[in-house]
There are 2 protein chains.
Amino acid sequence: MNSSLSASATLHINGDRLWQSLMSLAKIGATPKGGVCRLALTELDRQGRDQFVQWAKDIGCSIRIDEIGNIFARRPGRNNDLPPVLTGSHIDTQPTGGKFDGNYGVLAGLEVLRTLNDRQIRTEAPIEVVVWTNEEGSRFVPVMMGSGVFVDAFPLAETLAQTDAQNISVASALNSIGYAGNTRSQHFPIKAYFEAHIEQGPILEARQDTIGVVTGALGQRWYDITITGMEAHAGPTPMELRKDALLAAAGLIQSVNRIALTHAPHGRGTVGWIDNFPNSRNVIPGRVKLSVDLRAASDEVLSSMDAALHAACRELRADSTLAIDIEQVVYFPPQPFHQEQIQAVRNAADQLGFTHTDIVSGAGHDAVYLARVAPTAMIFIPCKDGISHNEIEDAKPEHIQAGGNVLLLAILEQAGIASAGS
Amino acid sequence: MNSSLSASATLHINGDRLWQSLMSLAKIGATPKGGVCRLALTELDRQGRDQFVQWAKDIGCSIRIDEIGNIFARRPGRNNDLPPVLTGSHIDTQPTGGKFDGNYGVLAGLEVLRTLNDRQIRTEAPIEVVVWTNEEGSRFVPVMMGSGVFVDAFPLAETLAQTDAQNISVASALNSIGYAGNTRSQHFPIKAYFEAHIEQGPILEARQDTIGVVTGALGQRWYDITITGMEAHAGPTPMELRKDALLAAAGLIQSVNRIALTHAPHGRGTVGWIDNFPNSRNVIPGRVKLSVDLRAASDEVLSSMDAALHAACRELRADSTLAIDIEQVVYFPPQPFHQEQIQAVRNAADQLGFTHTDIVSGAGHDAVYLARVAPTAMIFIPCKDGISHNEIEDAKPEHIQAGGNVLLLAILEQAGIASAGS
């Protein structure tokens, strides 16, 4: 395998072809502002899926669709009894999404297969490129639906029964677009799972690194907090007789920030949503609801942040006559990725001479679920200003190409080269 | 006058009659929750005005309506060349208003005239009970419209041209309800102006005092502040690379509170309104708009608070990469009331044996404008939990009666007693 691997260092994907495929897929659901709106299981999603399936068939892949609509495009290996190496992502988008989020991971995988065909390389293990259903969760909850069902995070029947705002079920939407498959949606033995993705954050750009070697994903705890004071006229009510819910909320917003800073380097704390009542210029706010989003790389740190948040609420309650309710509404455990696959990504970046840095994904990805059932790693590339879930989401062609080349080598390391043509 | 005054100490209004009048007027526009919705210059306002006018005519008053719809009900004195003593308030309400705000001041004035009639007391100077048009500003801006025009704070023609949300002008609404009067809306010589009002704050109730001797009104400065950062994913964005507008806003909300506390006893600072963008649970807020309401009893203190607020914004700007814009949108100067009239209220409370405290009005009132053209004071009575502009606004009959008795004596002190019957 070592000799094959050093041979593989001379292999490169076709960056132009990958870029063209991204631009071509982006036309399906293109928005006037240069983004993409292709919500899961819509007619546009069908068109995108059909395009992917056609491209995969064009290079000789066999296609399986499972019960939740995940698409598996398989390129056989020399030994098809071996567990396949999987790679992929999703092609559904946010309502004001971009061209790269998800799509990049799917098409980089496709480009790897095209390159192997071009070079007549046969791998030991088969390779499958996967399109996971409804990663974004914009139309149907939960997010990461397809990969979640695949790894048993959600029961299939319940998930198929989920409905959108128009009361259309997942099952019905899958049928409408012809992607209600009959392969059982259930994980199988997998040699390795790789997912290439734009970073959706500012770290690589700030460091001017080309590749993020993703070592895992942050755990998340989300909370709803309600602070109840008493609304009163801003004019006649002296400061000492107020029960100002927004003033208390301001203290809590700062506490959330402090909690994140004291749990560096990976601790994150955000208040993204706030609802102020009655929200009138000259009325002291009587009730504030706000969300808290805490993230950390280990459960130990996340638990410590959770304890600090509860302590901040208790202190605030003790300091005031306000009522404070806190409820945890979401918990995702931290998900470390797997050493061998992380190292495969790092090796590939080194072989290709790309600057790289280890990075922990702050966002959820299909890979975070896959890591529960398969040895997993991710490859991040920089995106402009760290922006995604936005029509102005952008990435540079050279980074698109670099990530594809890293994916190629990492996959080859895990799949093994059986024989190469030219 | 001293002998007349000591005679007057045995005079009392009829508390039951005043209470019945309040309950009767509250039926016009009564809401299911026990409040009143009687917006300015509506058909319901007409009914309320007609009721007042009828009651005033029943006790022999002459009625004048001015060009902005202010109603003056005049009880002649012995010497009708003397400037009259004025008392009154407003009968328009907030959409979810109470029974007492404004209405109390008008009907307490009416009850004073009824009592003088009952006791066949002739005053030296005439007494006029005034109903000011559109104090609340709910349907038409500006607030305190009738008293504002009367004291030349707003030009008449411009004010008549103001329109509501249905594009109906003040002039047209006044015509529709038959209250476009032909008396010039212009201040005239006034001996004294008194306005009885519920406190709309918690001070008297907290102190268990019956009467608030109002020595003036706080000045107000209102601001719009916009903090611009950069929205970004809460997960992938490290704390040190964030431009979190809500976190900055939290600091500013605390600064506003600190500024008020360091300008005790009358300094007040409130952030009542906040708009957070994009207001999504897992997105770092990119832009926050908020209102700031600063109040103080003197222009010197208010200016110092203004300087402190600007300094806080400058500090925040220096500490961060955020943009902060601050714009002052409202300025009301502090309005001291007049010593002789304040003393008349204090004397009356003392004579009647009521506990009282000096108080500065934090809210705007018609009296605040009247003080520009007439020697003015106000009489506050407690209201339940300091709540007003709310259907649950409430006041105790004994406080309603007490305030009416104080108003009676204060008016008599200023108007002088010419002769008394029984």
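This report walks through the fold of chain A, its contact with chain B, and a few individual residues.

The model is predicted, so please read it with its filters in mind: local features need pLDDT of at least 70, side-chain atom pairs count only at pLDDT 80 or more, and totals for chains, interfaces and linings use all residues. Residues are numbered from 1 along each chain as its sequence is written, while chains are lettered from A and ligands numbered from 1 in the order in which they are written.

**Chain A as a whole**

Chain A holds 13 helices and 18 strands; helices (H or I, at least four residues) and strands (E, at least two) are DSSP runs, numbered from the N terminus. With a radius of gyration of 24 Å, close to the 22 Å that the globule rule gives for 422 residues, chain A is as compact as a globular protein of that length. The radius is taken over C-alpha atoms, and the rule is 2.2 Å times the number of residues to the power 0.38. The C-alpha trace of chain A spans about 85 × 45 × 40 Å along its principal axes.

Of the 422 residues in chain A, 59% are buried. Here a residue is buried if 20 or more other C-beta atoms lie within 10 Å of its own, exposed if 12 or fewer, and partly exposed in between, with C-beta atoms placed from the backbone. Two residues are in contact if their C-beta atoms, placed from the backbone, lie within 7 Å. Among contacts in chain A between residues at least 6 apart in sequence, 79% join residues at least 24 apart.

The domain assignment, which is automatic or from a database, splits chain A into domain 1 (2-217 + 334-419) and domain 2 (219-332). Their C-alpha centres lie 37 Å apart. Five residues of domain 1 of chain A are in contact with 10 residues of domain 2 of chain A. On the domain 1 side, these residues divide into two nonpolar, three polar and no charged. For these classes, Ala, Val, Leu, Ile, Met, Phe, Trp, Tyr, Cys and Pro count as nonpolar, Asp, Glu, Lys and Arg as charged, and the others, Gly among them, as polar.

**A covered strand**

Strand β5 (residues 127-131) of chain A has five of its five residues buried. In a regular strand the side chains alternate between the two faces of the sheet. In β5(A), A:I127, A:V129 and A:V131 point one way, A:E128 and A:V130 point the other way, and all are buried. The strand has partners in β2 and β3, where pairing calls for at least two DSSP bridges. Strand β2 (residues 71-75) pairs with β5(A) in the antiparallel sense over five bridges, and strand β3 (residues 85-89) runs parallel to β5(A), also joined by five bridges. A:V129 is the bridge partner of A:A73 and of A:T87.

**Where the chains meet**

The contact takes 50 residues from chain B and 49 residues from chain A. On the chain B side, the elements that give two or more residues include α8 (203-207), α9 (245-261) and β13 (287-296). The largest share, nine residues, comes from α9(B). By class, this side has 25 nonpolar, 20 polar and five charged residues.

Chain B can be laid on chain A with an RMSD of 0.0 Å by a turn of 180 degrees and a shift of 0.0 Å along the axis. The two copies are thus related as by a two-fold rotation axis. The superposition is by least squares on the C-alpha atoms of residues with pLDDT of at least 70 in both. B:A250 comes closest to the axis among the residues of chain B, at 2.1 Å (C-alpha). As 98% of the interface residues of chain B are also interface residues in chain A, the copies meet through the same surface.

**Some individual residues**

Two residues other than glycine in chain B have a positive phi, as tabulated here.

| Residue | Phi | C-beta neighbours inside 10 Å |
|---|---|---|
| B:L41 | near 65 degrees | 28, buried |
| B:H389 | near 50 degrees | 24, buried |B:L41 is found in the loop between α2 (15-26) and α3 of chain B, and B:H389 in the loop between β17 (376-381) and α13 (397-415). A cis peptide bond, with omega near 0 degrees, runs from A:V141 to A:P142.
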